[in-house]
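Below are some notes for a colleague who is opening this structure for the first time. They are best read with the model on screen.

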Amino acid sequence: MTPHDAAPSQGERMLQNHLGTVERADAFYDRQVRPHLTAYMGDFISRQSMVFLSTADSRGQCDATFRAGPPGFVSVLDDRTLAYPEYRGNGVMASAGNITENPHIGLLFMDFTRDHIGLHVNGSAQLVGDQELRTAHPWIPADSAPGRYPVLWTLISVHEAYVHCSKHIPHLEPAPRPLGLARRRPKDAEYFTGAPAEHVGAETGHGQHQHAHGHPSEHSSIGSHDR
(Lines give C-alpha, C1' and ligand atoms only; values in the text may rest on other atoms or scores of the structure.)
Protein backbone atom coordinates (compact mmCIF):
# COMPACT_ATOMS: atom_id res chain seq x y z
CA MET A 1 0.00 0.00 0.00
CA THR A 2 1.49 3.33 -1.00
CA PRO A 3 2.13 5.93 1.76
CA HIS A 4 -0.56 8.33 0.55
CA ASP A 5 -3.32 5.71 0.69
CA ALA A 6 -5.55 5.33 3.74
CA ALA A 7 -4.19 2.84 6.27
CA PRO A 8 -6.50 0.30 7.90
CA SER A 9 -7.75 1.06 11.39
CA GLN A 10 -6.54 -1.08 14.29
CA GLY A 11 -9.92 -2.78 14.41
CA GLU A 12 -9.89 -3.56 10.70
CA ARG A 13 -6.40 -5.04 10.88
CA MET A 14 -7.22 -7.07 14.00
CA LEU A 15 -10.21 -8.72 12.30
CA GLN A 16 -8.35 -9.16 9.01
CA ASN A 17 -5.66 -11.08 10.88
CA HIS A 18 -8.26 -13.08 12.77
CA LEU A 19 -10.20 -14.04 9.64
CA GLY A 20 -7.22 -14.39 7.31
CA THR A 21 -8.21 -11.58 4.91
CA VAL A 22 -5.13 -9.33 5.18
CA GLU A 23 -3.96 -10.03 1.63
CA ARG A 24 -7.41 -9.40 0.13
CA ALA A 25 -7.84 -6.24 2.19
CA ASP A 26 -4.45 -4.86 1.16
CA ALA A 27 -5.31 -5.51 -2.48
CA PHE A 28 -8.54 -3.54 -2.03
CA TYR A 29 -6.71 -0.62 -0.36
CA ASP A 30 -4.16 -0.53 -3.17
CA ARG A 31 -6.66 -0.77 -6.05
CA GLN A 32 -9.67 1.12 -4.77
CA VAL A 33 -8.98 3.55 -1.92
CA ARG A 34 -8.00 7.05 -3.03
CA PRO A 35 -7.06 10.09 -0.90
CA HIS A 36 -9.00 12.35 -3.26
CA LEU A 37 -11.79 12.18 -5.82
CA THR A 38 -10.92 10.89 -9.26
CA ALA A 39 -12.53 12.48 -12.31
CA TYR A 40 -14.86 9.47 -12.54
CA MET A 41 -15.90 9.91 -8.89
CA GLY A 42 -16.62 13.60 -9.41
CA ASP A 43 -18.76 12.82 -12.44
CA PHE A 44 -20.62 10.14 -10.50
CA ILE A 45 -21.42 12.54 -7.64
CA SER A 46 -22.65 15.19 -10.07
CA ARG A 47 -25.32 12.76 -11.31
CA GLN A 48 -26.63 11.73 -7.90
CA SER A 49 -29.86 13.03 -6.36
CA MET A 50 -29.42 11.46 -2.92
CA VAL A 51 -26.75 10.66 -0.35
CA PHE A 52 -26.69 8.85 2.97
CA LEU A 53 -24.46 10.41 5.60
CA SER A 54 -23.25 9.69 9.11
CA THR A 55 -21.87 11.91 11.84
CA ALA A 56 -21.10 11.53 15.55
CA ASP A 57 -20.91 13.94 18.47
CA SER A 58 -17.93 14.39 20.77
CA ARG A 59 -19.02 11.34 22.80
CA GLY A 60 -19.03 9.14 19.70
CA GLN A 61 -22.82 8.82 19.60
CA CYS A 62 -23.77 8.40 15.95
CA ASP A 63 -26.50 9.76 13.73
CA ALA A 64 -27.32 8.43 10.26
CA THR A 65 -29.46 10.46 7.89
CA PHE A 66 -30.37 11.13 4.27
CA ARG A 67 -30.11 14.11 1.96
CA ALA A 68 -31.79 14.55 -1.42
CA GLY A 69 -32.17 17.14 -4.12
CA PRO A 70 -31.78 17.66 -7.85
CA PRO A 71 -28.90 15.76 -9.51
CA GLY A 72 -25.65 17.39 -8.47
CA PHE A 73 -27.06 19.04 -5.33
CA VAL A 74 -23.83 17.90 -3.66
CA SER A 75 -21.33 20.22 -5.31
CA VAL A 76 -17.88 18.99 -6.28
CA LEU A 77 -15.73 22.07 -5.60
CA ASP A 78 -12.47 20.30 -6.48
CA ASP A 79 -10.97 16.84 -6.17
CA ARG A 80 -10.66 17.20 -2.40
CA THR A 81 -13.73 19.23 -1.48
CA LEU A 82 -17.50 18.70 -1.51
CA ALA A 83 -20.36 20.87 -0.26
CA TYR A 84 -24.06 20.29 0.29
CA PRO A 85 -26.79 22.72 1.45
CA GLU A 86 -28.65 22.64 4.76
CA TYR A 87 -32.28 23.81 4.52
CA ARG A 88 -34.78 24.66 7.22
CA GLY A 89 -36.45 21.54 8.52
CA ASN A 90 -37.46 20.28 11.94
CA GLY A 91 -34.96 22.56 13.67
CA VAL A 92 -33.08 19.75 15.41
CA MET A 93 -29.84 20.23 13.39
CA ALA A 94 -28.55 16.82 14.49
CA SER A 95 -25.96 16.36 11.74
CA ALA A 96 -24.80 19.97 11.75
CA GLY A 97 -24.69 19.98 15.54
CA ASN A 98 -22.51 16.89 15.55
CA ILE A 99 -20.13 18.53 13.10
CA THR A 100 -19.58 21.46 15.49
CA GLU A 101 -18.33 18.90 18.05
CA ASN A 102 -16.72 16.28 15.84
CA PRO A 103 -15.80 17.01 12.19
CA HIS A 104 -15.63 13.38 11.02
CA ILE A 105 -18.26 12.54 8.40
CA GLY A 106 -19.05 9.61 6.13
CA LEU A 107 -21.10 9.79 2.94
CA LEU A 108 -22.48 7.01 0.77
CA PHE A 109 -23.71 7.78 -2.74
CA MET A 110 -25.76 4.98 -4.33
CA ASP A 111 -26.80 4.59 -7.95
CA PHE A 112 -29.89 2.39 -7.89
CA THR A 113 -30.97 3.14 -11.45
CA ARG A 114 -28.22 3.15 -14.05
CA ASP A 115 -24.92 1.61 -12.98
CA HIS A 116 -25.94 -0.05 -9.69
CA ILE A 117 -22.80 0.93 -7.82
CA GLY A 118 -21.90 3.07 -4.82
CA LEU A 119 -19.21 5.48 -3.67
CA HIS A 120 -17.98 5.99 -0.12
CA VAL A 121 -16.49 9.36 0.78
CA ASN A 122 -15.03 9.92 4.24
CA GLY A 123 -13.59 13.17 5.46
CA SER A 124 -13.88 16.11 7.81
CA ALA A 125 -16.63 18.73 7.69
CA GLN A 126 -17.22 22.31 8.71
CA LEU A 127 -20.21 24.62 8.49
CA VAL A 128 -20.11 27.78 6.37
CA GLY A 129 -22.65 30.45 5.52
CA ASP A 130 -24.39 30.64 2.16
CA GLN A 131 -22.83 33.97 1.19
CA GLU A 132 -19.38 32.84 2.27
CA LEU A 133 -19.55 29.76 0.06
CA ARG A 134 -20.96 31.62 -2.94
CA THR A 135 -18.31 34.31 -2.68
CA ALA A 136 -15.66 31.62 -2.99
CA HIS A 137 -17.59 29.60 -5.59
CA PRO A 138 -19.97 31.93 -7.47
CA TRP A 139 -20.84 29.25 -10.05
CA ILE A 140 -22.95 27.26 -7.53
CA PRO A 141 -26.62 27.48 -8.65
CA ALA A 142 -28.75 29.83 -6.55
CA ASP A 143 -32.02 27.91 -7.07
CA SER A 144 -31.09 24.22 -7.10
CA ALA A 145 -34.13 23.54 -4.90
CA PRO A 146 -36.84 25.97 -6.11
CA GLY A 147 -38.49 27.83 -3.26
CA ARG A 148 -35.89 26.77 -0.70
CA TYR A 149 -32.75 28.59 0.36
CA PRO A 150 -29.79 27.20 2.32
CA VAL A 151 -29.33 28.41 5.87
CA LEU A 152 -25.88 26.78 5.97
CA TRP A 153 -23.58 24.66 3.86
CA THR A 154 -21.61 21.63 4.96
CA LEU A 155 -18.12 21.84 3.48
CA ILE A 156 -16.27 18.51 3.35
CA SER A 157 -12.56 17.90 3.01
CA VAL A 158 -12.13 14.48 1.43
CA HIS A 159 -9.79 12.07 3.22
CA GLU A 160 -10.60 8.91 1.32
CA ALA A 161 -12.99 7.66 -1.35
CA TYR A 162 -13.65 4.15 -2.57
CA VAL A 163 -16.16 1.95 -4.36
CA HIS A 164 -19.19 0.15 -2.91
CA CYS A 165 -19.58 -2.96 -5.04
CA SER A 166 -22.72 -3.59 -7.04
CA LYS A 167 -23.62 -6.90 -5.43
CA HIS A 168 -27.09 -6.81 -3.80
CA ILE A 169 -27.81 -3.21 -4.88
CA PRO A 170 -31.48 -3.30 -5.99
CA HIS A 171 -32.72 -1.75 -9.20
CA LEU A 172 -35.07 1.18 -8.61
CA GLU A 173 -36.89 3.22 -11.25
CA PRO A 174 -37.47 6.94 -10.58
CA ALA A 175 -41.17 7.79 -10.60
CA PRO A 176 -43.43 10.56 -9.31
CA ARG A 177 -45.16 9.92 -6.04
CA PRO A 178 -48.62 8.40 -6.69
CA LEU A 179 -51.58 10.65 -5.98
CA GLY A 180 -54.98 9.67 -4.58
CA LEU A 181 -53.76 6.66 -2.67
CA ALA A 182 -56.57 4.53 -1.25
CA ARG A 183 -54.91 4.47 2.13
CA ARG A 184 -53.97 7.88 3.50
CA ARG A 185 -51.15 7.70 5.94
CA PRO A 186 -50.66 9.90 9.03
CA LYS A 187 -48.71 13.13 8.87
CA ASP A 188 -44.94 12.82 9.13
CA ALA A 189 -44.96 14.18 12.68
CA GLU A 190 -47.49 11.51 13.73
CA TYR A 191 -46.33 8.57 11.65
CA PHE A 192 -44.19 6.90 14.34
CA THR A 193 -45.70 8.55 17.42
CA GLY A 194 -49.43 7.92 16.95
CA ALA A 195 -51.40 4.85 17.96
CA PRO A 196 -50.90 1.84 15.62
CA ALA A 197 -54.64 1.83 14.78
CA GLU A 198 -54.31 5.28 13.25
CA HIS A 199 -52.20 3.84 10.45
CA VAL A 200 -55.12 1.78 9.20
CA GLY A 201 -57.83 4.42 9.34
CA ALA A 202 -61.54 3.97 8.84
CA GLU A 203 -63.01 2.66 5.63
CA THR A 204 -65.25 5.13 3.83
CA GLY A 205 -68.40 4.43 1.84
CA HIS A 206 -66.36 4.57 -1.38
CA GLY A 207 -64.07 1.74 -0.35
CA GLN A 208 -61.23 4.14 0.57
CA HIS A 209 -59.39 4.40 3.86
CA GLN A 210 -58.93 7.71 5.59
CA HIS A 211 -56.63 8.76 8.38
CA ALA A 212 -58.42 8.99 11.73
CA HIS A 213 -57.93 12.74 11.83
CA GLY A 214 -59.03 13.18 8.21
CA HIS A 215 -55.80 14.90 7.11
CA PRO A 216 -53.88 13.97 3.96
CA SER A 217 -50.24 13.03 4.30
CA GLU A 218 -47.64 15.74 4.27
CA HIS A 219 -44.63 15.33 1.98
CA SER A 220 -41.51 17.49 1.92
CA SER A 221 -40.61 19.59 -1.07
CA ILE A 222 -37.42 19.28 -3.07
CA GLY A 223 -34.34 19.33 -0.88
CA SER A 224 -34.06 17.38 2.34
CA HIS A 225 -34.54 18.62 5.87
CA ASP A 226 -31.92 19.40 8.49
CA ARG A 227 -32.02 16.33 10.73
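Is Asp-115 buried, partly exposed or exposed? With a relative accessibility of 39%, Asp-115 counts as partly exposed. The model is a predicted one, and the points below should be read with that in mind.

1. Asp-115 and its partners. Asp-115 pairs with Arg-114 in a salt bridge whose closest N and O atoms are 3.2 Å apart. Arg-114 is exposed, because its relative accessible area is 53% and the cut-off for exposed is over 50%. The pair does not stand alone: Arg-114 and Asp-115 are linked with Asp-43 and Arg-47 in a network of salt bridges.

2. The helix 3 side of the network. Asp-43 and Arg-47 form a salt bridge through their side chains, at 2.7 Å from N to O. The two residues are 4 apart in helix 3, so about one helical turn separates them. Asp-43 is partly exposed at 42% relative accessibility, and Arg-47 is partly exposed as well, with a relative accessible area of 27%.

3. Another salt bridge. The structure holds 7 salt bridges. One of them joins the side chains of Arg-59 and Asp-57, at 2.8 Å from N to O. Here the partners differ in exposure: Arg-59 counts as exposed at 62% relative accessibility, whereas Asp-57 counts as buried at 6%. As a general point, side chains of opposite charge can pair when their charged atoms come close.

4. The largest nonpolar core. This core has 20 residues, and those with the most contacts inside it are Leu-37, Val-74, Leu-82, Leu-107, Phe-109, Leu-119 and Val-121. Two or more residues come from each of helix 3 (39-47), strand 1 (50-56), strand 4 (81-86), strand 5 (104-111), strand 6 (117-128) and strand 7 (152-164). A core of 7 residues lies apart from it, with Val-128, Leu-133, Ile-140 and Leu-155 among its members.

5. Leu-37. Which residues does Leu-37 touch, not counting those up to four places away in sequence? They are Ile-45, Val-76, Asp-78, Asp-79, Leu-82, Val-121, Val-158 and Ala-161. Of these, Leu-82 and Val-121 also appear among the residues with the most contacts inside the largest core.

6. Thr-81. This residue lies in strand 4. Thr-81 counts as buried because its relative accessibility is 15%, and buried means under 20%. The side chain of Thr-81 makes a polar contact of 2.9 Å with that of Asp-78. Leaving aside neighbours within four places in sequence, Thr-81 is in contact with Ser-75, Val-76, Leu-155, Ile-156 and Val-158.

7. Positive phi values. Met-93 is not a glycine, yet has a positive phi of about 60°. Met-93 sits in the loop between strand 4 and helix 4 (94-101) and is partly exposed, at 23% relative accessibility. His-116 likewise has a positive phi, near 50°, in a residue other than glycine. The place of His-116 is the loop between strand 5 and strand 6, and His-116 is partly exposed with a relative accessible area of 22%.

8. A nonpolar patch on the surface. Met-14, Leu-15 and Leu-19 make a nonpolar surface patch of about 340 Å². Leu-19 belongs to helix 1 (residues 10-19). With a relative accessible area of 62%, Leu-19 is exposed.

Notes: Residues are numbered from 1 along each chain as its sequence is written. This is a predicted model: local features need pLDDT of at least 70, side-chain atom pairs count only at pLDDT 80 or more; totals for chains, interfaces and linings use all residues. Side-chain values use heavy atoms; hydrogens and water are left out. A nonpolar core is a set of buried Ala, Val, Leu, Ile, Met, Phe, Trp, Tyr and Cys residues joined through side-chain atoms within 4.5 Å. Buried means under 20% relative accessible area, exposed over 50%, partly exposed in between (1.4 Å probe, protein chains only). Contact means heavy atoms within 4.5 Å. A polar contact is a pair of N or O atoms within 3.5 Å; within protein, one must be able to donate a hydrogen and the other to accept it, and residues adjacent in sequence count only if both atoms are side-chain atoms. Patches are made of residues with over 30% relative accessible area and no salt bridge: like charges are joined within 9 Å, nonpolar side chains (Val, Leu, Ile, Met, Phe, Trp, Tyr) within 5 Å. Accessible areas come from the Shrake-Rupley method with a 1.4 Å probe; for residues, only the protein chains shown count as cover. A salt bridge is a side-chain nitrogen of Lys or Arg within 4 Å of a carboxyl oxygen of Asp or Glu.
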